[in-house]
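Here are my comments on the structure you asked me to look over, set out as numbered points. Please read them with the coordinates open.

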Amino acid sequence: MASGVARVDLDGGPIKPMTICMIGAGGFIGSHLCEKLMAETPHKVLALDVYSDKIKHLLEPATLPWADRIQFHRLNIKHDSRLEGLIKMSDLTINLAAICTPADYNTRPLDTIYSNFIDALPVVKYCSENGKRLIHFSTCEVYGKTIGSFLPKDSPLRQDPAYYMLSEDASPCIFGPIEKQRWSYACAKQLIERLIYAEGAENGLEFTIVRPFNWIGPRMDFIPGIDGPSEGVPRVLACFSNALLRHQQLKLVDGGQSQRTFIFIKDAIEAVLLMIENPARANGHIFNVGNPNNEVTVRQLAEMMTQVYSKVSDEAPLEVPTVDVSSKEFYGEGYDDSDKRIPDMTIINRQLGWNPKTSLWDLLESTLTYQHRTYAEAIKKAMSKPVATS
Ligand SMILES: NC(=O)c1ccc[n+]([C@@H]2O[C@H](COP(=O)([O-])OP(=O)(O)OC[C@H]3O[C@@H](n4cnc5c(N)ncnc54)[C@H](O)[C@@H]3O)[C@@H](O)[C@H]2O)c1
Ligand SMILES: O=C(O)[C@H]1O[C@H](OP(=O)(O)OP(=O)(O)OC[C@H]2O[C@@H](n3ccc(=O)[nH]c3=O)[C@H](O)[C@@H]2O)[C@H](O)[C@@H](O)[C@@H]1O
């Protein structure tokens, strides 16, 4: 821990060191949460994942100051009998494990549903049966489309927050038809939320559900052909980073008209730490975690990333930096999209007093600086290799 000062919760009570079973600790969010817990708290982490590359810097060398507070367990929760024992050994379980890239929802719907619902069932069951607290990661995608998206394009009601603001305790979940398999992810996440809520109501499970709204930052997903499959399609930050690093046009799906609010991962992690350390304020709640001030269309995001990347890399942008592609061409049959995502922050403000801080420009600047530093050389090398001809 960085300082010797005793930690207190939001009500002034002492925070006791705890053991946290973190499932999916080797992913984007998990790696940042592990970093925070190691650097700023006395808590122990049992880090479970099939991969450990993104937390390697926290696991080695054994001389790191927190070496005795983090333990990696390489396991797949689909089939590993160690899971219940690890949950039993812990005070709190955080479940981050999931398939959560949109390119998979319509092309691998079965894996998506199994990963986001079936595989999470034993985690909920073991927590409930053993009286253990659970923080489960859901998604803002459970809201689906906004009510406003069904109004005529020129309706003035579209400007009224009542038709687009997404509130945990008031907004409906609006998904497209079954053949739009994009919604397999949101639907599976919704059902696991309902199951956790029911375990709380019927069996007293202490739970918190997190609905992240487009958390972005370093270590998100992969750069195709460098630390992930060449044909893989990561989430938008990595897709656009990949194009910028390769001096290629950024692809705008269906004109890039969808709107998103992006939040810096480090701001979001502050919110999760407050949940971890304030169970009395967090238990039984579902929390939106996002930054309502950082709303852009995907087209605007592409333009801003192009500008920021040019600044951090000192390279001139392409004359025409973007190109339009259809969603069918980019994602295949069955894709659909959320139109707009603005989180209502009332509940998280009231319970935890948390607010995001970082502007979109600042978060892109620090993230793209990281992307450039981490990948530019590797991409240059990969692009200079002669292409094999048959
Ligand atoms: N990043 C976001 O903005 C965002 C937004 C909404 C929801 N979420 C949710 O937050 C969670 C974490 O997201 P992320 O962005 O860190 O994703 P990620 O893909 O980077 O991390 C998920 C991790 O879970 C691991 N995992 C998956 N299945 C597993 C299994 N069967 N056994 C063991 N480990 C397994 C993966 O290897 C990966 O390291 C997910 O549940 C996701 O749906 C994230
Ligand atoms: O991050 C979240 O809060 C949630 O939303 C994401 O879904 P989405 O925002 O649609 O996924 P992105 O890949 O980040 O795409 C954002 C938008 O950019 C567009 N896009 C993506 C990639 C690209 O190259 N070009 C492009 O225009 C997509 O069509 C979409 O409209 C994912 O489903 C989850 O990681 C998560 O649950």
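The points below take up the two ligand shells and then the nonpolar core.

1. The coordinates come from a predicted model, and the remarks that follow should be read with that in mind.

2. Around ligand 1 there are 23 residues, and the closest of them are Gly24, Gly27, Ile29, Ala98 and Cys100. Helix 1, which spans residues 28–40, provides the largest share of this shell, namely three residues. By character, the shell around ligand 1 consists of twelve nonpolar, eight polar and three charged residues.

3. Ligand 2 is surrounded by 21 residues, with Thr139, Arg235, Val236, Cys239 and Val253 the closest. Helix 8 (236–245) and strand 9 (250–253) each contribute at least two residues to the shell around ligand 2, and strand 9 gives the most, with three residues. Sorted by character, the shell around ligand 2 has eleven nonpolar, five polar and five charged members.

4. The largest nonpolar core contains 98 residues, of which Met22, Ile23, Cys34, Val45, Ala47, Phe240 and Met305 touch the most other members. Helix 8 gives the most to this core, with eight residues. As general background, nonpolar side chains in soluble globular proteins tend to be buried together.

5. Which residues does Phe240 touch, once residues up to four places away in sequence are not counted? Phe240 touches Leu250, Ala302 and Met305, and Met305 is itself among the core residues that touch the most other members.

6. Helix 8 deserves a second look in the viewer, since the helix supplies at least two residues of the shell around ligand 2 and also gives eight residues to the largest nonpolar core.

Notes
Residues numbered from 1 in each chain as written. Chains lettered and ligands numbered in written order. Predicted model: local features only at pLDDT ≥ 70, side-chain atom pairs only at ≥ 80, totals over all residues. Near = placed C-beta within 6 Å. Helix = DSSP H or I, 4+ residues; strand = E, 2+ residues; numbered from the N terminus. Nonpolar A, V, L, I, M, F, W, Y, C, P; charged D, E, K, R; others polar. Core = buried A, V, L, I, M, F, W, Y, C linked by C-beta atoms within 7 Å. Buried ≥ 20, exposed ≤ 12 C-beta atoms within 10 Å, placed from the backbone. Contact = placed C-beta atoms within 7 Å.
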